[in-house]
Each structure stands twice: as C-alpha cells, then as structure tokens.
Amino acid sequence: MFAAPNRPVFAALIAGTLAALLATGPVARAQVAQAPATRFADLAAIDQAVAQFTGRSIGVPGGAAQPVDRRLRLVACTAPLALGWRAGAHDSILVRCPDAGGWRLFVPVVAAVAEAPAGPAAAPAVLRGDGVTIAMVGDGFSVEQAGEALDPGPVGGWIRVRTGAKADALRGRIVRPGVVEVPVE
C-alpha cells in the first residue's frame, strides 16, 4: 500500500528542482526550451495532394468537401503519401501514410453535379476499352502517351485510364473523343 506523500516534503522537492533549473545558466535553460518536438504532417500539403488527386479544388464538385481539420496532429511521413478512392462510389478519398505504424485519413468529396445530356441520347465520347491518348498536363508542360480507357464517359467527364496492361489506373478528364487529360502538379 502506498502512503500519501508528505505535502511539505513534496513541495520542497519541487521547489528545489525549480531552483536548480533556474540556477543553471541561460544556455542550459535554452537547451531545455529547444528540446526536439514531435514533427507533425503539413495539413496544407495533404489538402494539395487531395486536390491534385481529384483534379478539383476544395469545395468544388468532385473535390474535397472541406480542408483537412487543422486540429489534427498527424505524425509526419518520411515516404510520399498514398492516395486512392475509398470505394467505387468515389465519395471519399483514403489518404495514407505508408510508413510503419502510419496513419490513414478519409477525406469526403463533394458530389459531382449531374450534367444534362447534350441531346436526347448523348453517346459517350470514350467507351471502356477504347484506345485513348493520355495527356499528362502540368504548369508549363504536356506529355502524351497512348493508353486505354477503363470507364466510359462523355466529354468533360472523369474516367480511369491506364498506360499499359500492368500499369496503375490514373484519373483523368475527357477533353474530346479519344483524348483524356490527367492533371499533374
């Protein structure tokens, strides 16, 4: 059984520790004040990664519903973030820190506004399995490569494409029949 601490002795112990700390020079106090803090992930960088993944800004249909909560304190990752759709409905994005013991975060996406068809029966500009030109477009550059459409869609619609049979799927917007643009930052 533990005995309750003797309050005067405990108070004297604390006062002695504080006095010893204050008695040390300013260099020692500065070293205590500059103890390495835990590094946290840059939440604005997570917002930018989500915007790059969706191709849309925060609050815009198809983009993140809102910025990542600034109260979060996520451990900084040493590896690049991994982003992907949470499910086939594309209603939220899974942002994951691939480090051992890393975290994961779900970012809700604003539902895309259904566009009115351009006629009584608007045909898709791209069909699933069609050969397309994938244009990787960034600030001041554009690179094109042949690829395959994994989804059908109209002009202006977002679909999944890939550059080869074993390549990962990319998300791009159909700019005209046979051409899909993938934004890169």
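In this predicted model, the lining of the second largest pocket breaks down into 10 nonpolar residues, 1 polar residue and 2 charged ones. That makes 13 lining residues, and Gln52, Phe53, Leu170, Arg171 and Val182 are the ones that lie nearest the pocket's centre. The volume of this pocket comes out at about 290 Å³. Four elements each put at least two residues into its lining: H3, strand S1 (82–85), strand S7 (170–176) and strand S8 (179–183). The largest share, 3 residues, belongs to H3.

Stepping back to the whole chain, there are 3 helices and 8 strands. Walking along the sequence gives the pattern α-α-α-β-β-β-β-β-β-β-β. Of the 185 residues in the chain, 22% count as buried. As for contacts with a separation of 6 or more, 42% of them are between residues 24 or more positions apart.

Next comes the nonpolar interior. In soluble globular proteins, nonpolar side chains tend to be buried together. Here, the largest nonpolar core has 15 residues, and Ile46, Val50, Leu74, Val95, Trp103 and Leu105 are the members with the most contacts inside it. Helix H3 (43–54), strand S2 (92–96) and strand S3 (104–108) are the elements that give two or more residues to this core. The largest share of the core, 3 residues, comes from H3, the helix that also gives the largest share of the lining of the second largest pocket. Leu74 shows what one core residue has around it: leaving aside residues up to four places away in sequence, Leu74 touches Arg39, Phe40, Ala41, Leu43, Ile46, Trp103 and Leu105. A second core, separate from this one, has 10 residues, with Ala125, Val132, Ile159 and Ile174 among them.

Ile159 turns up again in the surroundings of Asp151. This aspartate sits in the loop between strand S5 (141–149) and strand S6 (158–162). Not counting residues up to four places away in sequence, Asp151 touches Val126, Leu127, Arg128, Ile159 and Arg160. With Arg160 the geometry can be given in detail: a polar atom of the Asp151 side chain lies 3.0 Å from the backbone nitrogen of Arg160.

What about enclosed empty space? Rolling a probe the size of a water molecule over the atoms shows where empty space is left. By this rule, the model has 1 cavity of 30 Å³ or more. The volume of the largest cavity is about 30 Å³. Its lining is made up of Asp47, Val50, Ile58, Ala64, Gln66, Val68 and Val107, which split into 5 nonpolar, 1 polar and 1 charged. Val50 therefore plays two parts, as it is also one of the residues with the most contacts inside the largest nonpolar core.

Another aspartate, Asp69, is found in the loop between H3 and S1. Is Asp69 buried, exposed or partly exposed? With a relative accessible area of 33%, Asp69 is partly exposed, because buried means under 20% and exposed over 50%. The side chain of Asp69 makes a polar contact of 2.8 Å with the side chain of Arg71. Val107, one of the residues lining the largest cavity, is 38 residues from Asp69 along the chain, and the C-alpha atoms of the two are separated by 10.0 Å.

Terms used:
Residues numbered from 1 in each chain as written. Predicted model: local features only at pLDDT ≥ 70, side-chain atom pairs only at ≥ 80, totals over all residues. Heavy atoms only, no water. Core = buried A, V, L, I, M, F, W, Y, C linked by side-chain atoms within 4.5 Å. Buried < 20%, exposed > 50% of the residue type's maximum accessible area, 1.4 Å probe, protein only. Contact = heavy atoms within 4.5 Å. Polar contact = N/O pair within 3.5 Å; in protein donor to acceptor, adjacent residues only side chain to side chain. 1 Å grid on protein atoms, 1.4 Å probe; cavity = no way out; pocket = protein on both sides within 12 Å on 5 of 7 lines; lining within 4 Å. Points joined across faces, edges and corners; volume = space filled by probe spheres on them. Nonpolar A, V, L, I, M, F, W, Y, C, P; charged D, E, K, R; others polar.
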